[in-house]
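Hi,

Here is the structure I promised to pass on. Have a look, and my notes follow below.

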Protein chains: 2
Amino acid sequence: MNSKPIGMFDSGVGGLNVLKEIKKTLPNEDIIYLGDTNNFPYGNKSEQTIIELSRKCVEFLLKKNVKLIIIACGTATSQALDILNKEYDIPIIGILQPTVEYLKTKVKSGQNVGVIATNGTIKSMQWEKRIKEEIKECDVKSMACPLLAPLAEEGWTSNEVAKYTIKEYMKPFKNIDYLVLGCTHYPLFKDLIIEELGKGVDVIDTGEKLGKYLKEYLQNKDFLKDQEKAKYEIYLTDTEANFIEVAKKLDNNAVIKHI
Amino acid sequence: MNSKPIGMFDSGVGGLNVLKEIKKTLPNEDIIYLGDTNNFPYGNKSEQTIIELSRKCVEFLLKKNVKLIIIACGTATSQALDILNKEYDIPIIGILQPTVEYLKTKVKSGQNVGVIATNGTIKSMQWEKRIKEEIKECDVKSMACPLLAPLAEEGWTSNEVAKYTIKEYMKPFKNIDYLVLGCTHYPLFKDLIIEELGKGVDVIDTGEKLGKYLKEYLQNKDFLKDQEKAKYEIYLTDTEANFIEVAKKLDNNAVIKHI
């Protein structure tokens, strides 16, 4: 048993999708979430900047005495996770590993995997590298879709603009078997993507895979909390009206604070 | 005469549109441009954060011994200009005043002015306040268009996505006479906007108005540089490939440095 809270961070509202998935699979766990809204979006920043910002988020969560840390951000996972895991003793889990584990059980020889994410994530080549390392004889095609996060922040996830954006971004992915949504904002476009690619493609919500992976991880480590009734504390580095609205929808009793 | 350089800052590539306009009207002037790419975009940040970031930009430019400072960013103009002008002796000019001066000579009684800009600029109400103060009997309607800057950064300024985005954003502006492009990225969509609203609407590029205003301002103050051949120095707070590409197109000999 370990009744300390789970720590999480992301640059904006995207990570709240991951929080929602963790809430589903682990309804008793307390969660402390840090949204680094002051520095949103991470997607176009340099690797060095993303590492520094991620380090600050980890330091903040360590002070809150968390039992492990989830990086609920595709960009920070790709560019900072390995370095942070070397620097800190606490377990730090990103959105990459759970999906790679899932793909390992699914992908058959000769099948193709697509990955869409932010500029920073795609440039890092982490998804391609990890999938190719773990799954032999599989072709990986990746592409940056930098407009999807701002579209999600605007709430345009099913209008004509969203449809044409998905149409344009899906052009290179007509012959794939799996599509990884490598940014936590992207599940909001899952229906449109399936409409464009067809139901034969497995469109993977990395937050959902992380929720399932985390439950197993905590069970195996005997790290689950023993009491019921979860508490959520959400911290922001800059006030952001849309973020607060989404956070309140997630849990009406959540404590939301600007730091 | 004053042969010191002109200082400019913006959060990203948008301000380079303003630099281009100043280069047209004042081809002899040396310019030092700071792109605060590490903190792009300013548009969704809180007022306090924008003031602090703008102050840092001004401090950097002061060390470069500039003769005046241009805020080539709609958001920083709306939220920080008045405060900075109280704090510093050096003249600081934003993108608002030149366009308001232009509107004063143009708008007739009963005509309507529209303003589009980032979330931060619209929330500040600065455009509405200033236009109503200076021009009596004129109706002002303003709206945030937070997707236009990311679209411009993606280079999608004339495809189907851009068309539908403009179609959606222009809905409230069907009966206006003037439309102010209150963010320096927006002139890239000028053709699509005119197509949508019709040629009867005067679509105002705030950078172009600033270029003309600045020339007059320097002439009146006897602040023009006496030698020919301008030098451009461009500084970035974070490396950004697209920014460097745009900056090089603007002037192939420009010195571009990461600070």
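Which residue of β6(A) stands opposite Ala117(A)? The partner is Ala144(A). Before the rest, some ground rules: this is a predicted model, where local features need pLDDT of at least 70, side-chain atom pairs count only at pLDDT 80 or more, and totals for chains, interfaces and linings use all residues. Residues are numbered from 1 along each chain as its sequence is written, chains are lettered from A and ligands numbered from 1 in the order in which they are written, and side-chain values use heavy atoms, leaving out hydrogens and water.

**The sheet in chain A.** Strands and helices here are DSSP runs (E, at least two residues; H or I, at least four), numbered from the N terminus. An open, parallel sheet of four strands has the order β6-β5-β7-β8 in chain A, with pairing taken as at least two DSSP bridges between two strands. Because β6 (139–144) and β8 (202–205) of chain A each have a single partner strand, one side of each is left without a neighbour in the sheet. β5 (residues 112–117) of chain A is joined to β6(A) by six bridges.

**The core.** The largest nonpolar core (buried Ala, Val, Leu, Ile, Met, Phe, Trp, Tyr and Cys joined through side-chain atoms within 4.5 Å; buried means under 20% relative accessible area with a 1.4 Å probe, protein chains only) has 48 residues. Ile116, Leu179 and Ile193, in chain A and in chain B, touch the most other members.

**Helix α1 of chain B.** Nine of the twelve residues in α1 (residues 14–25) of chain B are buried, including Leu16(B), Val18(B) and Ile22(B).

Best wishes

Technical notes
Buried < 20%, exposed > 50% of the residue type's maximum accessible area, 1.4 Å probe, protein only.
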